[in-house]
Amino acid sequence: MRILHTSDWHLGRSFHRVSLLAAQREFIDHLVTTVREGHIDAVVVAGDIYDRAVPPLAAVELFDDALHRLADLGVPTVMISGNHDSARRLGVGAGLIDRAGIHLRTDPAGCATPVVLSHDRGEVAFYGLPYLEPGLVREELGASAAGHTAVLGAAMDRVRADLATRQSGTRSVVLAHAFVTGGAVSDSERDITVGGVASVPAEVFDGVDYAALGHLHGCQTITERVRYSGSPLAYSFSEAAHRKSMWVVELGAAGEAPSCERVECPVPRPLARIRGRIEELLADPDLERHEEAWVEATLTDAVRPHEPMARLARRFPHVLTLVFDPERPPEDPLASYAQRLRGRSDRQIAEDFVAHVRGGRGPDETERALLGDALEAVRSEAHEGVVPGEESGAGSTAAGPVTAGATAGATAGEAAR
C-alpha cells in the first residue's frame, strides 16, 4: 500500500503579513497531482489543517476545495486535528464526510477505532490520534499523569489493544500530533510544554508499522517507522534551510519496515537570512543570489542606521523583517533582551519576571503551581477554540479567554507581591 503522509498545512497563515493563500492553493494542486499520478492508495494528514481555531473564510473555502478534490479521486483520506485546530469545529460534519472517504478524527475517545482499508496484501488499520491536550484528556483516557507522555501512552495502549483483536497480518498506521524526542524544532511551532516537558519518546509508538507525525515543521526521520512530514511551506525564517516535502510510504508485509520516499513541495519564494552592517549588506556581491528572496536582515551596526528598511529594499525588494543586534561585548548591560529570552518557555519567562520584580527572589512551589495552572488554562481554552463573545457550551462563558488571561496576569502580580 502506498500512503502519502503530509501535515501542518496551516491554512490561513501569512508570512510576515504576506498572504500565503496562493501558495497554499498551489500546494493543494501539487498534493492532488501527486495522489493521482503517484498511484497513492491513501492520504494521511497529521494535524494543524488550519492555523488557528477560528480560520478565515478563504482558508475554510480552500479546505473545502481540497476535500472535494480528494473525494473525487476516490482515494481514502485520514485527517486528525492538531494543536492549532479547534477539534470541535474541524470535526463538525465528520460523520457525513466519512461517507465520501474523508475520515476526520478529532475526538480522543475514538483513538482506538481505526479506519480499516483493504488491500491486496490484507487490511491496514489507520488510527487517528488528534492532538491530546493533557489537561483536557487525562481523565477520559485514564492516563496515570497529566503530561504528554502519559496521555499519548494511554492512547497507544488502546491502539495496541484493538490491534491485538484483529486478524493476523493486519498492518497498522498511527497518525499523531506531538513533539517526539529527537525532533528538530523551528520558530513557527506553537509551544505545547506542560510541566516543563513537551517531548515524548519515540518508543511510545512501538507495535505499529508506521507513525505519521505532525507538529514539527521540518521533514525528518526519528526512526525508520516514526517520521515527520513537516509543513509544506515555510512559516518562519528559521525554516530557511528546510526542504519542504511529503513522504510517500510503501508498506510491506506486517512487521516489515516501510520504505519511504520524499516528494518535494513547490517553493513560492526562497528564504534568506542575512547578517552584518548595513553598508556591507548593500555592497556584498555574494548576496546577489538573495535579491529575489524573502529576506530577514539582522543589522549589527553599533548605531541604528537611518531608514534601514527603505535602503535595504532597494537591493532586496522582498525584505520582510529587520532585526537589530548591535555588536557589543558580552558584559555590556544593554545586551539584547530578546537574546536573554531566546529558547525559554512561557513559564520560565513568567518565573524570571517574578524574580526580577522581587529583587531576585523567584516564586516558591505554591506560586509556581499557580503560574502553571494559569498558563494551562489559557492554553486549554485556546485549544478548545473559545473566542470572546461566543457561547461555547457547558462549563464555559463568553468571557472565558478574558478570565483566563486575567487569571494569568493576576497570578503573576500576586507572585510578584
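How many bridges join β4 to strand β5, and do the two run parallel or antiparallel? In this predicted model, four bridges join β4 to strand β5, which covers residues 77-80, and the two strands run parallel. One of the pairs that can be named here is Val45, whose bridge partner in β5 is Met79.

**Strand β4 and its neighbours**

Strand β4, made of residues 42-46, also pairs with strand β1 (residues 2-6), to which it is joined by four bridges in a parallel arrangement. Within this pairing, Ile3 has Ala42 of β4 as its bridge partner. Five of the five residues of β4 are buried, so the strand is largely enclosed by the rest of the structure. The burial extends to both faces of β4, with Ala42, Val44 and Ala46 buried on one side and Val43 and Val45 buried on the other. Together with helix α2, which spans residues 57-73, the strands β4 and β5 make a right-handed β-α-β unit.

**The six-stranded sheet**

Elsewhere in the model, six strands form an open sheet with mixed pairing, and their order is β7-β8-β9-β12-β14-β13. The edges of this sheet are β7 (115-117) and β13 (220-223), each of which pairs on one side only. From one strand to the next, the twist averages 20°. At the β13 edge, three bridges join β13 to strand β14 (residues 226-228), and these two strands run antiparallel. Here Gln220 has Tyr228 in β14 as its bridge partner. Helix α6 packs on the sheet, where it touches β8 (124-129) and β9 (171-177), and the direction of α6 makes about 160° with that of β8.

**Helix α5 and its two sides**

Helix α6, residues 148-164, is also the element against which the buried residues of α5 pack. In helix α5, which runs over residues 134-141, Pro134, Val137 and Leu141 are buried. These residues lie on the same side of α5 because they cover an arc of only 90° around the axis. What, then, is found on the other side of α5, and is it buried or exposed? On that other side, Gly135 and Glu139 are exposed. The residue that follows α5 is Gly142, which has a positive phi near 70°.

**Positive phi outside glycine**

Two residues that are not glycine also have a positive phi, namely His16, at about 50°, and Glu307, at a value near 45°. The loop that holds His16 lies between β2 (14-15) and β3 (18-19), while Glu307 is placed in the loop between β18 (294-299) and α8 (308-315). The table sets out the backbone angle and the accessibility of each.

| Residue | Phi | Relative accessible area |
|---|---|---|
| His16 | about 50° | 36%, partly exposed |
| Glu307 | near 45° | 46%, partly exposed |

Why does His16 count as partly exposed? Its relative accessible area is 36%, and the class of partly exposed residues lies between the limits of under 20% for buried and over 50% for exposed. The 46% relative accessibility of Glu307 likewise makes this residue count as partly exposed.

Definitions and conventions. Residues are numbered from 1 along each chain as its sequence is written. This is a predicted model: local features need pLDDT of at least 70, side-chain atom pairs count only at pLDDT 80 or more; totals for chains, interfaces and linings use all residues. Side-chain values use heavy atoms; hydrogens and water are left out. Buried means under 20% relative accessible area, exposed over 50%, partly exposed in between (1.4 Å probe, protein chains only). The arc is that of the directions from the helix axis to the C-beta atoms. Contact means heavy atoms within 4.5 Å. Two strands pair if DSSP finds at least two bridges between them. Axes are lines fitted to C-alpha atoms, for helices over the stretch in contact, and angles run from 0 to 180 degrees between N-to-C directions. A crossover is right-handed if, with the strands pointing away from the viewer, the path from the first strand over the helix to the second runs clockwise.
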